Amino acid sequence: ERGPTEVQFGELLADVDSPCYCSDEQILQILQTLQAKRESDLVALFRALGGSSGFLSSSGLRCLVRMMEHPGDDAAWEGDYQRMRAQYGWDAQGLTAREFGDLLADPDGPYHCSDN
């Protein structure tokens, strides 16, 4: 079974007689907790890929995109990386943790990662 739809879930949270009822403040607190968890996970991933110096290089990001089945060899990747670097305005040393998070959060970007 799949569980409630998005609408049904919203109705459960909004129904004061439901054991699942959540006030607006409770929902906001849950969302803030989830956002903090995502941010800490992103920082941990950034560091694991080699970003502990404050910048994630092409080779560090390449480790991740290989797992995401980037088509092509290292030369193709380097071309893709340089295009993204120019498009996003990344420093020559690589991208920052914030830029890394933005890249993965961009739903229209090539390396979007959802929380699922």
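In the predicted model, the buried residues of helix H3 are Ser58, Gly60, Leu61, Arg62, Leu64 and Val65. The cover over these buried positions includes H2, H4 and H5. Helix H3 itself runs from residue 58 to residue 67, written as 58–67. After the helix comes Glu69, a residue with a positive phi, near 60°.

Three of the buried residues of H3 were examined individually. Ser58, which belongs to helix H3, has a relative accessible area of 11%. Because this value is under 20%, Ser58 is classed as buried. When residues up to four places away in sequence are not counted, Ser58 touches Trp77, Glu78 and Tyr81. Ser58 and Asp74 are 16 residues apart along the chain, and their C-alpha atoms are separated by 10 Å.

Gly60 also has its place in helix H3. Its relative accessible area is 5%, so Gly60 counts as buried under the 20% limit. A separation of 34 residues in sequence lies between Gly60 and Gly94, whereas the distance in space is 9.2 Å, C-alpha to C-alpha.

Arg62, likewise located in helix H3, is buried with a relative accessible area of 7%. The contacts of Arg62, with residues up to four places away in sequence not counted, are His70, Gly72, Asp73, Asp74 and Trp77. Trp77 is thus touched by Arg62 and is also touched by Ser58.

The nonpolar interior was considered next. In soluble globular proteins, nonpolar side chains tend to be buried together. The largest nonpolar core of the protein has 16 residues, of which Leu56, Leu61, Trp77, Met84, Trp90, Leu95 and Phe100 touch the most other members. Two or more residues of this core are given by each of helix H2 (24–48), helix H3 (58–67), helix H4 (74–88) and helix H5 (97–105). Leu61, one of these highly connected members, is also among the buried residues of H3.

Met84 illustrates how such a core member is surrounded. Leaving aside neighbours within four places in sequence, Met84 is in contact with Leu61, Trp77, Gly89, Trp90, Leu103, Pro110 and Tyr111. Among these partners, Leu61, Trp77 and Trp90 are listed with Met84 as core residues that touch the most other members.

Two positions outside H3 are partly exposed. Ala44 is found in helix H2 and has a relative accessible area of 45%. This value falls between 20% and 50%, which means that Ala44 is partly exposed. The C-alpha atoms of Ala44 and Ala97 are separated by 9.8 Å, although the two residues are 53 apart along the chain.

Gly50 lies in the loop between H2 and H3 and is partly exposed, with a relative accessible area of 43%. Apart from neighbours within four places in sequence, the contacts of Gly50 are Phe55 and Leu56. Leu56 is one of the core residues that touch the most other members. Gly50 and Gly101 are 51 residues apart in sequence, and their C-alpha atoms are 15 Å apart in space.

At the level of the whole chain, the secondary structure consists of five helices and zero strands. The order along the sequence follows the pattern α-α-α-α-α. The radius of gyration of the protein is 19 Å, whereas a compact globule of 116 residues would have a value near 13 Å. Along the principal axes, the C-alpha trace spans about 60 × 30 × 25 Å.

Of the 116 residues in the protein, 25% are buried. The accessible surface comes to about 8,200 Å², and carbon and sulfur atoms account for 53% of this area. Contacts between residues at least 6 apart in sequence were also examined, and 45% of them join residues at least 24 apart. The protein carries 9 positive and 20 negative charges, and the mean positions of the two groups are 11 Å apart.

Notes
Residues are numbered from 1 along each chain as its sequence is written. This is a predicted model: local features need pLDDT of at least 70, side-chain atom pairs count only at pLDDT 80 or more; totals for chains, interfaces and linings use all residues. Side-chain values use heavy atoms; hydrogens and water are left out. Helices (H or I, at least four residues) and strands (E, at least two) are DSSP runs, numbered from the N terminus. The radius of gyration is taken over C-alpha atoms; the globule rule is 2.2 Å times the number of residues to the power 0.38. Buried means under 20% relative accessible area, exposed over 50%, partly exposed in between (1.4 Å probe, protein chains only). Contact means heavy atoms within 4.5 Å. Accessible areas come from the Shrake-Rupley method with a 1.4 Å probe; for residues, only the protein chains shown count as cover. Lys and Arg count as positive and Asp and Glu as negative; His and the chain ends are not counted. The place of a charge is taken as NZ of Lys, CZ of Arg, CG of Asp or CD of Glu. A nonpolar core is a set of buried Ala, Val, Leu, Ile, Met, Phe, Trp, Tyr and Cys residues joined through side-chain atoms within 4.5 Å.
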